[in-house]
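Here is a short report on a protein model. Look at the structure first, then read on.

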Amino acid sequence: MQDQPTAAEILTAVATFLKTVTGPELAPHTAFQLRVAANALEMAGRDMALSPAEDAAEHARLTTLLGRDGSLLELNAELSRRIEAGEADLTTPGLAKHLWATTLAKLAVDQPNYSGYRAALAERANKEA
């Protein structure tokens with residue numbers, strides 16, 4: 001295990017190099033494919049950096065919400081089952097907050113520059129202030 005740079009930082013550096021140095025020298029279609037690959041590297045880096053903490057937070061929310069423990073996969077399956085069966089809906093205490101937090105965590109990995117995500121973060125920060 002390396003101390004510095006982290007694996008996520010290495011992925012980001014490689015993606016930046018591909019986009020800024022290599023990409024401009026390529027034919028348009030190949031440059032597009034390179035940008036897709038670089039974006040995938042950046043997403044993998046964000047996932048590596050953010051997922052451990054976000055997974056733990058999601059697990060804690062689900063354990064509280066469902067009143068039981070299990071793996072993250074099992075708890076999400078149980079929540080889905082309860083929603084499908086009509087045993088849980090947006091009036092269920094904590095469910096809307098959990099779904100919102102989970103969605104924001106996924107957007108942080110997948111689309112951190114999405115304007116709707118940024119607006120939601122700003123709104124959330126204003127409510128907590």
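How many nonpolar, polar and charged residues does the lining of the largest pocket have? This is a predicted model, where local features need pLDDT of at least 70, side-chain atom pairs count only at pLDDT 80 or more, and totals for chains, interfaces and linings use all residues. Residues are numbered from 1 along each chain as its sequence is written, and side-chain values use heavy atoms, with hydrogens and water left out.

The table gives the classes (Ala, Val, Leu, Ile, Met, Phe, Trp, Tyr, Cys and Pro count as nonpolar, Asp, Glu, Lys and Arg as charged, and the others, Gly among them, as polar).

| Group | Nonpolar | Polar | Charged |
|---|---|---|---|
| Lining of the largest pocket | four residues | three residues | six residues |
| Contact of α2 with α4 | nine residues | two residues | six residues |

The lining holds 13 residues. Glu54, Asp55, Glu58, Ala105 and Lys106 lie nearest the pocket centre. Helix α2 gives the most, with seven residues.

Helix α2 covers residues 28-66 and helix α4 residues 95-110. Helices are DSSP runs (H or I, at least four residues), numbered from the N terminus. The two pack at an angle of about 170°, with axes 8 Å apart. That makes α2 roughly antiparallel to α4 (angles over 145 degrees count as such). In their contact (heavy atoms within 4.5 Å), Met43, Leu50 and Leu65 are among the α2 residues, and Leu95, Ala101 and Val109 among those of α4.

Phe32 also lies in α2. Phe32 is partly exposed, at 43% relative accessible area (buried is under 20%, exposed over 50%, partly exposed in between, with a 1.4 Å probe and protein chains only).

Note on methods
Axes fitted to C-alpha atoms, helices over the stretch in contact; angles between N-to-C directions. Parallel < 35°, antiparallel > 145°, perpendicular 65-115°, else oblique. 1 Å grid on protein atoms, 1.4 Å probe; cavity = no way out; pocket = protein on both sides within 12 Å on 5 of 7 lines; lining within 4 Å.
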